[in-house]
Amino acid sequence: QPGGLERFDSPGKGRGLRARRRFAVGELLFSCPAYAAVLTVSERGGHCDGCFARKDGLSKCGRCKQAFYCNVECQKEDWPMHKLECASMCTFGQNWNPSETVRLTARILAKQKTHPERTHSEKLLSVKEFESHIDKLDNEKRELIQNDIAALHHFYSKHLEYPDNAALVVLFAQVNCNGFTIEDEELSHLGSAIFPDVALMNHSCCPNVIVTYKGTLAEVRAVKEIEPGEEIFSSYIDLLYPTEDRNDRLRDSYFFNCDCRECITKEKDKEKLEICKLNDPPSAKTVQDMIRYARNVIEEFRRAKHYKYILCLTLTLLACLDKMGAVFEDSNVYMLHMMYQAMGVCLYVQDWEGALRYGQKIIRPYSKHYPSYSLNVASMWLKLGRLYMALNNRTAGVKALKRAIAIMEVAHGKDHPYVSEIKKELEDH
């Protein structure tokens, strides 16, 4: 197992990971290759389907013409997984649309067949040991899993051997609880993967490590000094939101409440929910009603997040910001969420000035609400830096990019390709 670490029984949390020696801030604790990974469909052509490398001039699969690779070696290495989809994509054409979870689960089934022995990704925890929380699934979650099982049978018939339905329900539940989203330096979605050893870590809203990705390799680095005997904690969720929201998300996705110091003290909640300073302050009921409204709006956007109906989305965002702005300060996390969505719309329609205005409002509260070395803060500095550069404000651009690099050198490591790319951007400007 990785040096300086051990698996143990964490009181009240089940199995976990703890340090056997001291780790300094920025130090790599361990890395874990993906047991299985799948590139998201929208990134095909820009990233290699095998290693997830981002580069120009990728070569496409000669048969389906929908998968792209760095070279012949990447294509050959990915063939045992790509063949699950290649013929099916040719057969279904535009109607080939399994979800990313279905695609990932198909690859896990294939991997379990070809590699029944323990893999390099399972030094600490095997896929078969994954928690499924099968007894806690409500009817809605069970129905979604059955839909995924139906899609698996529909799109993957040739190269897969299926276990019975009950075993598939457990596997999909395990993937839902233990899957990881791979993101790039601006936190754009690249794909989904299974990293068994990384899944061993328990959650805390005050994490002492951060997980980043180098292609399909997960790397775990310390973001606080870790002493011998300390448990290793990562965060499973976005830490921007107040305690109640975070625990709602943890219960819904992972079936537990967090008992970290942040959740017990709730010390950041007041400034995360900052109310407008008015001569006639809003009543407690008005504030609660607005929080409820904000949560409902955020959930709607989460369920239907796409930029196809751009004008409609823009008008909705502006209306929400106006309504919430009558009660909430701009630093309120619900305002920040909507401004982040509005910034995304501006970027989509190439309104660089509009995107910059939103980003400038977001960055300071982000730096206050998120922990040190947050990827969310780094990605916002990076977006701002690139926007400043695009708008010929080199001085502000350099300053913002350097702030992004300072965080990323700890979170990603000084030798990460993303860090090198941003340093090159600075040199080129």
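A400 is buried in this predicted model, with a relative accessibility of 2%. The residue lies in helix α14. Outside its neighbours within four places in sequence, A400 is in contact with W381, L384, G385 and Y388. Its C-alpha atom is 46 Å from that of Y156, a residue 244 places away in sequence.

Helix α14 spans residues 394-411 and also holds V398. V398 has a relative accessibility of 14%. That value is under the 20% cut-off, so V398 counts as buried. Beyond four places in sequence, V398 is in contact with M389 and L426. V398 and H412 are separated by 14 residues in sequence and by 20 Å in space, C-alpha to C-alpha.

Two residues of helix α1 were examined in the same way. Helix α1 covers residues 72-92 and includes S88. L84 is also found in α1. L84 is buried, at 6% relative accessibility. S88 is buried as well, with a relative accessible area of 8%. With residues up to four places away left out, L84 touches A106, R107, A110, Y156, H159 and L160. Under the same exclusion, S88 touches W96 and F155. L84 and M380 are 296 residues apart along the chain, and their C-alpha atoms are separated by 37 Å.

The packing of helices α3 and α4 is described next. Two packed helices are described by the angle between their axes and the distance between the axes. Helix α3 comprises residues 139-155, and helix α4 comprises residues 165-178. Their axes lie 10 Å apart and form an angle of about 110°. Helix α3 is therefore roughly perpendicular to α4. On the α3 side, the contact is made by R142, I145, Q146, D148, I149, L152 and H153. On the α4 side, N165, L168, V169, F172, A173 and N176 take part. The residues of this contact divide into 7 nonpolar, 4 polar and 2 charged.

Aromatic rings contribute a further set of contacts. The structure holds 7 aromatic pairs. One of these is formed by F328 and Y334. A pair of aromatic rings is described by the distance of the centres and the angle of the planes. For F328 and Y334, the centres are 6.0 Å apart and the planes are at 35°. A plane angle from 30 to 60 degrees counts as tilted, and the pair is accordingly tilted. Both partners are buried: F328 has a relative accessible area of 1%, and Y334 has one of 0%. Elsewhere, ring pairs link F180, F195 and Y213 into a cluster.

Lysine side chains also sit over aromatic rings. The charged end of K111 sits over the ring of Y35, at 4.8 Å from the ring centre. K323 lies over the face of Y293, with a distance of 4.1 Å to the ring centre.

Backbone geometry was considered for two loop residues. H133 lies in the loop between α2 (residues 100-114) and α3. Its phi is near 55°, a positive value in a residue other than glycine. H133 is buried, with a relative accessible area of 15%. F255 is placed in the loop between α6 (residues 243-254) and α7 (residues 261-265). F255 likewise is not a glycine, and its phi is positive, at about 65°. The relative accessible area of F255 is 18%. This falls under the 20% cut-off, so F255 counts as buried.

A further loop residue, K65, is partly exposed, at 48% relative accessibility. K65 is found in the loop between strands β5 (residues 59-60) and β6 (residues 68-69). K65 and F130 are 65 residues apart in sequence, and their C-alpha atoms are 35 Å apart in space.

Methods: Residues numbered from 1 in each chain as written. Predicted model: local features only at pLDDT ≥ 70, side-chain atom pairs only at ≥ 80, totals over all residues. Heavy atoms only, no water. Axes fitted to C-alpha atoms, helices over the stretch in contact; angles between N-to-C directions. Helix = DSSP H or I, 4+ residues; strand = E, 2+ residues; numbered from the N terminus. Parallel < 35°, antiparallel > 145°, perpendicular 65-115°, else oblique. Contact = heavy atoms within 4.5 Å. Nonpolar A, V, L, I, M, F, W, Y, C, P; charged D, E, K, R; others polar. Phe/Tyr/Trp six-rings, centres within 6.5 Å; stacked < 30°, edge-to-face > 60°. Buried < 20%, exposed > 50% of the residue type's maximum accessible area, 1.4 Å probe, protein only. Lys NZ or Arg CZ within 6 Å of the ring centre and 35° of its normal.
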